[in-house]
Amino acid sequence: MKLPARLWLLAGAALLALVGLGMVLQLINQLTWQLSAVLPYPLVGPVLLLLLVIVLAGALQIGWPLLRPWLEPLLPEWIRRQLPPPGAQGRACRDQPKAERSANRRQAAARNLEAIDRTLEQVRNAVDREVLRQERERMATELERGDLQIVVFGTGSTGKTSLIRALLQELVGDVGAAMGSTTGSQRYRLRLRGLNRAVWLVDTPGILEAGDAGERRERLAREQASRADLLLLVVDGDLRAAERQVFDALASLGKRLMLVLNKCDLRGEREEERLLQLLRQRSGGRIAAADVVPAAASPQSIPMPGGRPLQPEPEVDALVRRIAEVLHADGEELIADNLLLQCRRLGEASRNLLARQRRDDAVAVVERTMWISAGVVAVTPLPGLDLVGAAAVNAQMVLEMGKVFGLSLTKTDAQELAMSVGKTLAGLGLVKGGVGLLSSAMALTLPAALVGRAIQAVGAAWLTRVAGLSFVRYFEQNQTWGDGGVQEVVQEQYDLSRRDGALRSFLDAAFSRVVQPLQRQLPPRTPREEGARADRVDPTP
């Protein structure tokens, strides 16, 4: 009589179990002898038992997921009810780090908001302070509420609004309208099972549209992108050059991006699969292959002889499933990442605002100090123009700049810094070059009795300006001169100050602040002196 195959399997399993049991007993016997050689006899039994428990627990941990499909049906019902669902333990282990990462990002975002609060106290401009405060309040609300934002993009009329209508299963906009019909962002609520947080779909204006109105809509769309947790880019074919630019811009934001191939009803299955593969290649690995999804938001109607055309249902099931998978698996992390990214950008904007304010204050210190320096030289002319001789004035300028940038400098530090820049100006030949440049611009328009004092005073102001702007760069770079050292910074500021526009603006101010007051101190000129001056001036324009 032929035995059933099941009995043969059981017999084979029993034989393997006996062989395995023999090997385990042999291993235990050898382990007992080895332990008795190094441990006292009363400790051999407990240590051996502990090792067996550890090995058995590890074997169950590794082997249970593999053996569960075969062993679970053999267990009693009351035991099966006590077991956790398959994969629950693995999911718990995976979810715990995600929850921790999300909490850590939220804490980091909260710390960024605290830093913005400190910045707000230092911003003096009322308009800038109010804009920063409103953005800070918006971020605080987002941090507390944590709704999910899905922003939909598309170039022209690729079917954005139709896609949103299909996702919501209700009409949310005019479909088939002309290019540029969506003039502002519109938000719609999307309901997903098993997701406690609110999900909002945001329909953006068409991007890359022509004209001023198109540029404004593009800026609005990019602003919405910066606030999104998940981005959808809708295309109706291969990525064209303009769409590739949009894709690159969105992918560079550091947010989760999905690429939706719409209007798949207009092509066959082979063409659809070819385009999907092509889009996955175009993405260059910056998005997951599963995040390139087909859809037919508004399929074309099918003519029916003798009756009304048949309107097929939208085909967006694959997109809905993918959105649900992403939000269920990574929704908390997407929110946390987005909040942290927005807070960091807002923090960077606040720091830039404060840096601009500090730079304006520092430049104001330079403007004030350079005319003080000119006044000192005009009252007590130096024997030859030497910026080192005006180091006391420049040292005071350094001290005031330090206060602007929140630094506490000693007088010795300020004097050393001023002397180093003064020596650099002299060593590079910029003092002589600056005086020559100003002399050629001023000599023909000044009387002989005033030329020397005026050029010395104006030259001192100009070189103080070059030194002061060099100090500004030094403080902006966290009190370092950079790789090129002090020489490169001073030379750069000298070259910038001698450009036509900057030099002309400086000379106009110098004539009103320095030259004209000096002219008023001179005695009235005689007719003979006026004629001699007229002979020196070139009459040609």
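Q: In this predicted model, are aspartate 291 and arginine 322 buried or exposed?
A: Both aspartate 291 and arginine 322 are buried. That word is used for a relative accessible area under 20%.

Q: What makes aspartate 291 and arginine 322 a salt bridge?
A: The N to O distance between their side chains is 2.8 Å. The cut-off is within 4 Å, for a side-chain nitrogen of Lys or Arg and a carboxyl oxygen of Asp or Glu, so the pair counts as a salt bridge. As background, side chains of opposite charge can pair when their charged atoms come close.

Q: Which parts of the chain does the pair of aspartate 291 and arginine 322 link?
A: Aspartate 291 is in the loop between helix H9 and strand E6, while arginine 322 belongs to helix H10. The two are 31 residues apart, and the pair links distant parts of the chain.

Q: How do you know that glutamate 400 and arginine 368 form a salt bridge?
A: Their closest N and O atoms are 2.3 Å apart. The limit is within 4 Å, so this pair qualifies too. Glutamate 400 lies in helix H11 and arginine 368 in helix H10, 32 residues apart.

Q: Why is glutamate 400 called partly exposed?
A: Glutamate 400 has a relative accessible area of 23%. Buried would need under 20% and exposed over 50%, so glutamate 400 falls in between. Its partner arginine 368 is partly exposed as well, because its value is 41%.

Q: What makes glutamate 492 and arginine 473 a salt bridge?
A: Here the closest N and O atoms are 3.2 Å apart, and that is within 4 Å, so the definition is met. Helix H15 holds glutamate 492 and helix H14 holds arginine 473, 19 residues apart.

Q: Why does glutamate 492 count as partly exposed?
A: Its relative accessibility is 31%, which lies between the 20% and 50% limits, so the label fits. Arginine 473, at 23%, is partly exposed for a matching reason.

Q: Which residues are joined into one network by salt bridges that share partners?
A: Asp236, Arg240, Glu243 and Lys263 are joined this way. A search of the whole structure finds 18 salt bridges.

Q: Why does isoleucine 54 count as exposed?
A: Isoleucine 54 has a relative accessibility of 53%. Exposed means over 50%, so the residue passes the cut-off. Isoleucine 54 sits in helix H2.

Q: Which residues make the nonpolar surface patch with Ile54?
A: Leu43, Val47, Leu50 and Leu51 join Ile54 in a patch of about 420 Å².

Terms used. Residues numbered from 1 in each chain as written. Predicted model: local features only at pLDDT ≥ 70, side-chain atom pairs only at ≥ 80, totals over all residues. Heavy atoms only, no water. Patch = residues over 30% accessible without salt bridge, like charges linked within 9 Å, V, L, I, M, F, W, Y side chains within 5 Å. Areas by Shrake-Rupley, 256 points an atom, 1.4 Å probe, with all protein chains shown as cover. Helix = DSSP H or I, 4+ residues; strand = E, 2+ residues; numbered from the N terminus. Buried < 20%, exposed > 50% of the residue type's maximum accessible area, 1.4 Å probe, protein only.
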